[in-house]
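Reader: Could you take me through this structure? I would like to begin with the overall picture and then turn to details.

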Amino acid sequence: MESEVFQRFCAHAHQQAGISLGPNKEALVTARVGKRMRALGIEDERGYLDYLEADRTGEELVQFLDVISTNHTSFFREPDHFDLLRTLLDEWRRLGQRRLRIWSAASSTGEEPYSIVMTVLDALPDLDIDFKLLATDISTRVLAQAQQGIYPAEKLTAIPRPLLARFFKRCEGPDETYSVRDEVKQHVLFRRLNLSQPPFPMRGPLDIVFCRNVLIYFDLPVRQRLLAAIQDLLRPGGWLFVGHTETLTGINTGFRLARPSVFFVPDDRKAAGA
Ligand SMILES: C[S@@+](CC[C@H](N)C(=O)[O-])C[C@H]1O[C@@H](n2cnc3c(N)ncnc32)[C@H](O)[C@@H]1O
């Protein structure tokens, strides 16, 4: 790929989604963009770039982002986060918290938000609280899949058996697929949201934000803005989970580290003895 064309691809990914493509990504972009070109019948990379830049529907942007980033996810990925979530829920229940707001900020095909909801419903069996989960992603393709909530059996192996039995039902037909029950779905609101362009339209205060395995795509200024926006949305004492390979190192935030990949907003009222 000509270097000028690669630079334009990088600029587009950064402007539209905050995604930083390093020089080491040139081979990947060349290979992956080739697939889109063949699908569209476009002969050269410059032609595809022109098409991408001119697309006002945003549909090709979704396709492009899907080929340069990964939507990889799984149920109960990074399981210690769900163990901690359960501990927090037990504690809040003891304290009599009546309202719970959680945001899954890069929800991909739905495994993360559904794992969170299953954990909440299991930890709070009589669910006598007001609970909502917002699940967002930049990709309308993965959001549509998430909303459908249908998964092949091999994707469900990490779900504890009692939760699987309670929250999924087998779909009719020859393939072994399962759908998430409405009891879980009713707590989730799926929306398209670009994390690189705060401020965000939702209102806080939120109790917990899962922003996992997406910070890796962003450079420092984009991360800085995003984390400041997340901090503003969280309540004092609220929690942030990032991916196990991600850190907030080098970013100036008010978050405190609770354990690797888990942060919280200090509650000054507690410190003041309120
Ligand atoms: C690797 S998946 C992570 C899914 C899940 N959080 C997890 O940890 O399993 C990354 C997701 O980030 C989304 N993404 C990439 N850039 C984004 C942006 N600028 N705004 C919102 N989502 C973005 C991708 O579409 C993808 O679904």
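Author: The answers below go from the whole chain to its domains, the ligand shell, the core and some backbone details. This is a predicted model, in which local features need pLDDT of at least 70, side-chain atom pairs count only at pLDDT 80 or more, and totals for chains, interfaces and linings use all residues. Residues are numbered from 1 along each chain as its sequence is written.

Reader: How many helices and strands does the chain have?

Author: The chain has 11 helices and 10 strands. Helices (H or I, at least four residues) and strands (E, at least two) are DSSP runs, numbered from the N terminus.

Reader: What is the radius of gyration of the chain?

Author: It is 20 Å, which agrees with the value near 19 Å for a compact globule of 274 residues. The radius is taken over C-alpha atoms, and the globule rule is 2.2 Å times the number of residues to the power 0.38. Along its principal axes the C-alpha trace spans about 60 × 55 × 30 Å.

Reader: Into which domains is the chain divided?

Author: There are domain 1 (3–68) and domain 2 (79–271), with bounds from an automatic or database domain assignment. Their C-alpha centres lie 29 Å apart. Seven residues of domain 1 are in contact with 11 residues of domain 2, where contact means C-beta atoms, placed from the backbone, within 7 Å.

Reader: Which element gives the largest share of the side of domain 1 that touches domain 2?

Author: Helix H4 does, with three residues. The residues of that side divide into four nonpolar, two polar and one charged. Here Ala, Val, Leu, Ile, Met, Phe, Trp, Tyr, Cys and Pro count as nonpolar, Asp, Glu, Lys and Arg as charged, and the others, Gly among them, as polar.

Reader: Glu60 is in H4, I see. Is Glu60 buried or exposed?

Author: Glu60 is partly exposed, because 17 other C-beta atoms lie within 10 Å. A residue is buried if 20 or more other C-beta atoms, placed from the backbone, lie within 10 Å of its own, exposed if 12 or fewer, and partly exposed in between. Leaving aside neighbours within four places in sequence, Glu60 is in contact with Tyr51, Leu52 and Asp55.

Reader: Now the ligand. Where does it lie?

Author: The ligand lies between the two domains, because both give residues to the shell around it. Of the 24 residues around the ligand, Thr73, Ala106, Ser108, Ile138 and Leu195 come nearest; such a residue has its C-beta atom, placed from the backbone, within 6 Å of the molecule. The shell divides into eight nonpolar, 12 polar and four charged residues.

Reader: And how many residues has the largest nonpolar core?

Author: It has 68 residues, and those with the most contacts inside it include Val209, Cys211, Ile230 and Leu240. This core draws at least three residues from each of domain 1 and domain 2. A nonpolar core is a set of buried Ala, Val, Leu, Ile, Met, Phe, Trp, Tyr and Cys residues joined through C-beta atoms within 7 Å.

Reader: Back to the backbone: which residues does a cis peptide bond join?

Author: One joins Pro198 and Pro199, with omega about 5 degrees. The bond from Gly204 to Pro205 is also cis, with omega near -5 degrees. Pro199 is in the loop between strand S6 (188–192) and strand S7 (206–211), and Pro205 is also in the loop between S6 and S7.

Reader: What is the phi of Asn213?

Author: Asn213 has a positive phi of about 60 degrees although it is not a glycine. Asn213 counts as buried, with 21 C-beta neighbours inside 10 Å.

Conventions
Contact = placed C-beta atoms within 7 Å.
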